[in-house]
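Here's a quick tour of a protein model with a ligand in it. Keep the viewer open and click along as you read.

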Amino acid sequence: MQYPEWIWHNGSIKPWAEATTHVMSHALHYGSSVFEGIRCYRTPNGPAIFRLTEHNRRLFASARIYDMAMPYSLEQLNAACREVVLKNGLEQAYLRPVAYRGLGGFGLSAETPTDVAVAAWHMGPYLGEGVLEAGIDACVSSWQRFAPNTIPAGAKAGGNYLSGQLVAREARRLGFGEGIALASTGLLSEGAGENLFLVFDGALHTTPVSAALLNGITRNTIITLARDAGIPVVERDLPREYLYLCDELFMCGTAAEITPIRSVDGRQVGSGEAGPLTRRVQQMFFGLFDGTTPDRYGWLEPLEG
Ligand code: PMP
């Protein structure tokens, strides 16, 4: 990764190397951070941060779940996101706001300050070059997601990504592009860092928020665009074997965008290529950024807004 020059940290823009935190920071020991991943795209009307406010709202919701005081307002955080992209001279970027319990006291219940940073850098397709077209080979992980009464999957918290690391690293070690996890119920949950869509008979089926998953903003975008286009969308519990039976399968997330899955556990999905509905969803999604899909909901928040 090539680091950018500037980063926003605790209220001001600083050189990348100066945005440091103490080794005794609470978050480092106890996983107490909440974060977001947001993309800025080039559009015919100039660069726009996709659903910036929605992402930062989710950051505040994650902080609220963990009783973490946020020292900035939503507007201030939105402004920080814009500032760091502009300062680095980026147009296409991945943004990473993070709020974490910093240095102060010791122990799980210590009253620690919340430190906040926003980084932005150029990032291509998360799961590798060419995967948006060719798709990836996925596997079902031997690791399950956490049970709903243990760690809240609805918070995008640093600690949750221990689960994601087990799933993703196991998959890579076995030669797969990404891992898919089951929930503690044994039913399908989501990818290590992506939500899942299965296609049956021209309808999109996606796992429900009760299946130990992060309620993805890309997932919501796809559901909204599909329903507006008259494509049926069903949110439902799905058993593992449906991965082997569906006509098409794809993963989605801010980083992964819309990545087709061409096989699961070595079994070909559908034709083994991105299927027609997957391609249509990709077209609708990426069409938001080239202007071919109207931005009916004000999702494109101008960089210089
Ligand atoms: N699930 C997990 C575990 C994730 O980390 C992500 C990426 N943030 C997603 C789903 C997709 O969420 P979004 O579309 O909001 O990026």
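A contact here means heavy atoms within 4.5 Å of each other. By that yardstick, 21 residues of domain 1 are in contact with 23 residues of domain 2. The domain assignment puts domain 1 at 6–121 and domain 2 at 131–290, with bounds that come from an automatic or database domain assignment. Centre to centre, going by C-alpha atoms, domain 1 and domain 2 are 26 Å apart.

Some ground rules before going further. This is a predicted model, where local features need pLDDT of at least 70 and side-chain atom pairs count only at pLDDT 80 or more, while totals for chains, interfaces and linings use all residues. Residues are numbered from 1 along each chain as its sequence is written, and side-chain values use heavy atoms, with hydrogens and water left out.

**The ligand site**

Which residues come nearest to the ligand? There are 16 residues around the ligand, and the nearest are Tyr161, Glu190, Ile217, Thr218 and Thr254. To count as near, a residue needs one of its heavy atoms within 4 Å of the molecule or strand in question.

Three side chains have N or O atoms close to polar atoms of the ligand, as the table lists. The cut-off for a polar contact is a pair of N or O atoms within 3.5 Å; within protein, one must be able to donate a hydrogen and the other to accept it, and residues adjacent in sequence count only if both atoms are side-chain atoms.

| Side chain (N or O atom) | Ligand atom | Distance |
|---|---|---|
| Lys156 | nitrogen | 2.7 Å |
| Tyr161 | oxygen | 2.5 Å |
| Glu190 | nitrogen | 2.6 Å |

On its own, the ligand would expose 390 Å², and the protein buries 95% of that. These accessible areas come from the Shrake-Rupley method with a 1.4 Å probe, and for residues only the protein chains shown count as cover.

As for what the shell is made of, its residues split into five nonpolar, seven polar and four charged. In that scheme Ala, Val, Leu, Ile, Met, Phe, Trp, Tyr, Cys and Pro are nonpolar, Asp, Glu, Lys and Arg are charged, and the others, Gly among them, are polar. Three elements each supply at least two residues of that shell: α2 (52–65), α6 (217–228) and β14 (248–253). The element names follow DSSP runs numbered from the N terminus, with helices (H or I) of at least four residues and strands (E) of at least two.

**Two threonines in α6**

Is Thr218 buried or exposed? Thr218, which is found in helix α6, is buried because its relative accessible area is 4%; buried means under 20%, exposed over 50%, and partly exposed in between (1.4 Å probe, protein chains only). The side chain of Thr218 reaches the backbone nitrogen of Thr254 at 3.2 Å. Not counting residues up to four places away in sequence, Thr218 touches Cys252, Gly253, Thr254, Glu257 and Phe285.

Thr221 is also found in helix α6. With a relative accessible area of 0%, Thr221 is buried. A polar atom of the Thr221 side chain lies 2.7 Å from the backbone oxygen of Ile217. Setting aside residues up to four places away in sequence, Thr221 touches Phe50, Arg51, Phe285, Leu288 and Trp299.

**Loops worth a click**

Asn10 sits in the loop between β1 (6–9) and β2 (12–15). Phi of Asn10 is near 45°, a positive value in a residue other than glycine, and Asn10 is partly exposed at 33% relative accessible area. Asp265, in the loop between β15 (257–264) and β16 (267–268), has a positive phi of about 55° although it is not a glycine. At 26% relative accessibility, Asp265 counts as partly exposed.

Ala110 is in the loop between β6 (93–101) and β7 (114–121), and is buried, with a relative accessible area of 13%. Leaving aside neighbours within four places in sequence, Ala110 is in contact with Gly104 and Gly105. The C-alpha atoms of Ala110 and His26 are 8.4 Å apart, with their positions 84 residues apart along the chain.

**One more helix**

Finally, find Glu83 in helix α3 (residues 74–87). Glu83 is partly exposed, at 38% relative accessibility. Apart from neighbours within four places in sequence, Glu83 is in contact with Trp8 and Ile13.
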